[in-house]
Amino acid sequence: MKRFYTAAGVGDGRRILLDGKAVKTPGRRDLALPTDALADAVADEWNAQGKEIDLRAMALTRLAYSALDPIAADPQALARGLAAYGESDLLCYRAERPGTLVSRQAGSWDPILAWAQQRYEIVFELASGITHMPQPPETIAQLNAAVAARDPFALAGLSPLVTISGSLLIALALAEGAISLGTAWSAATLDEQFQTENWGEDEEAAASLADRRREFDAAARFLALL
């Protein structure tokens, strides 16, 4: 779509305005943000567009659209889907060998597990390999409650962190400031990093990983701006 406006700004109610006119979501709602920081950042995305509007380059705007349209319509549906990752969380499935990978997983993942266990007063069962290991019902119930308590904007930011990493625990730890963005990404991609170190980098896989990193970073920023 060609750029049809001169400047974006923030109006009353933190609505995004293009030349003074309110931006609408695909669902025809005003693009209104919950914090000044996020509203300013979304307006900056619109101002950064060139002659063509590229929504793919506007990650914060896309996340806001999601929060205001599909998620706001049924936030608990998304919450249940995200909480389900806790039933087979990446951090609970450990390699049996080689020893170097086993050690790296423990060093990276155990501190996040320990934080989650203390934060939510729960325990986790660990598995070797890919055989499914059921988690205690109390653990799942607590994780469900932790996700369900979040509003549509918080869920919009949390969702890519969970789906990209395959770990609800990494996403929650990052969202709550228990770990840094770099630590979260290293934990989420530990197995891929190990494979690259041992077998070399595949160009297509590297490009895919870079795309995932951009989406991961944008979601973390979205949450921080809330």
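Okay, let's start with a definition: helices and strands here are DSSP runs, at least four residues for a helix and at least two for a strand, and they're numbered from the N terminus. With that in hand, I can tell you where Arg28 sits: in the loop between S3 and H1. We'll come back to that loop. One thing to keep in mind throughout is that this is a predicted model.

Let's do the overview. The protein chain has 10 helices and 5 strands. If you follow the C-alpha trace along its principal axes, the chain spans about 60 × 40 × 25 Å. There are 226 residues, and 42% of them are buried. The accessible surface comes to about 11500 Å², and carbon and sulfur atoms account for 53% of that. Now take the contacts with a separation of 6 or more: 62% of those are between residues 24 or more positions apart.

Right, on to the sheet. What order do the strands come in? It's an open sheet of 3 strands, ordered S1-S2-S3, and the pairing is antiparallel. S1, residues 8–10, and S3, residues 21–22, are the edge strands, so called because each pairs on one side only. Helix H1, residues 36–47, packs on this sheet and touches S1 and S2. The direction of H1 makes about 170° with that of S1. Back in the sheet, strand S2 covers residues 16–18, and 2 bridges join S2 to S3. If you want to find one of these on screen, look at Leu17: its bridge partner in S3 is Ala22.

Now some loop residues. Arg14 lies in the loop between S1 and S2. Its phi is near 60°, which is a positive value in a residue other than glycine. Is Arg14 buried, exposed or partly exposed? Its relative accessible area is 30%, so Arg14 counts as partly exposed. And here's Arg28 again, as promised. Arg28 also has a positive phi, near 70°, and it isn't glycine either. With a relative accessible area of 61%, Arg28 is over the 50% cut-off, so we call it exposed. How far is Arg28 from Pro134? They're 106 residues apart in sequence, and 42 Å apart in space, C-alpha to C-alpha.

There's one more loop to look at, the one between strand S4, residues 93–94, and helix H4, residues 99–120. Pro98 lies there, and a cis peptide bond joins Arg97 to Pro98, with omega at about 0°.

Let's move to helix H2, residues 59–73. Does its length add up or fall short? H2 has 15 residues, so at 1.5 Å a residue it should span 21 Å, and its end C-alpha atoms are indeed 21 Å apart. H2 does bend, though, by about 35° at Ala67, and there's a proline, Pro70, following within four residues. Quite a list of residues in H2 is buried, including Leu60, Leu63, Tyr65, Leu68 and Ile71. What covers them? The cover for the buried residues of H2 includes H1, helix H3 (75–83), helix H6 (152–165) and helix H10 (203–225).

That brings us to H10. This helix has 23 residues and reaches 33 Å from its first C-alpha to its last, close to the 33 Å expected at 1.5 Å a residue. Its buried residues are Phe216, Ala218, Ala219, Ala220, Phe222, Leu223 and Leu225. These pack against H1, H2, H6, helix H7 (168–175) and helix H8 (181–188).

Last stop is Gly157, which is in helix H6. Which residues does Gly157 touch, leaving out those up to four places away in sequence? The answer is Ala219, Phe222 and Leu223, and those three are among the buried residues of H10 we just went through. Gly157 has a relative accessible area of 0%, so it is buried. For a sense of distance, Gly157 and Ala84 are 73 residues apart in sequence, and their C-alpha atoms are 17 Å apart in space.

That's my tour, thanks for listening!

Terms used. Residues are numbered from 1 along each chain as its sequence is written. This is a predicted model: local features need pLDDT of at least 70, side-chain atom pairs count only at pLDDT 80 or more; totals for chains, interfaces and linings use all residues. Side-chain values use heavy atoms; hydrogens and water are left out. Two strands pair if DSSP finds at least two bridges between them. Contact means heavy atoms within 4.5 Å. Axes are lines fitted to C-alpha atoms, for helices over the stretch in contact, and angles run from 0 to 180 degrees between N-to-C directions. The expected span of a helix is 1.5 Å times one less than its number of residues. The bend at a residue is the angle between axes fitted to the seven residues ending there and the seven starting there. Buried means under 20% relative accessible area, exposed over 50%, partly exposed in between (1.4 Å probe, protein chains only). Accessible areas come from the Shrake-Rupley method with a 1.4 Å probe; for residues, only the protein chains shown count as cover.
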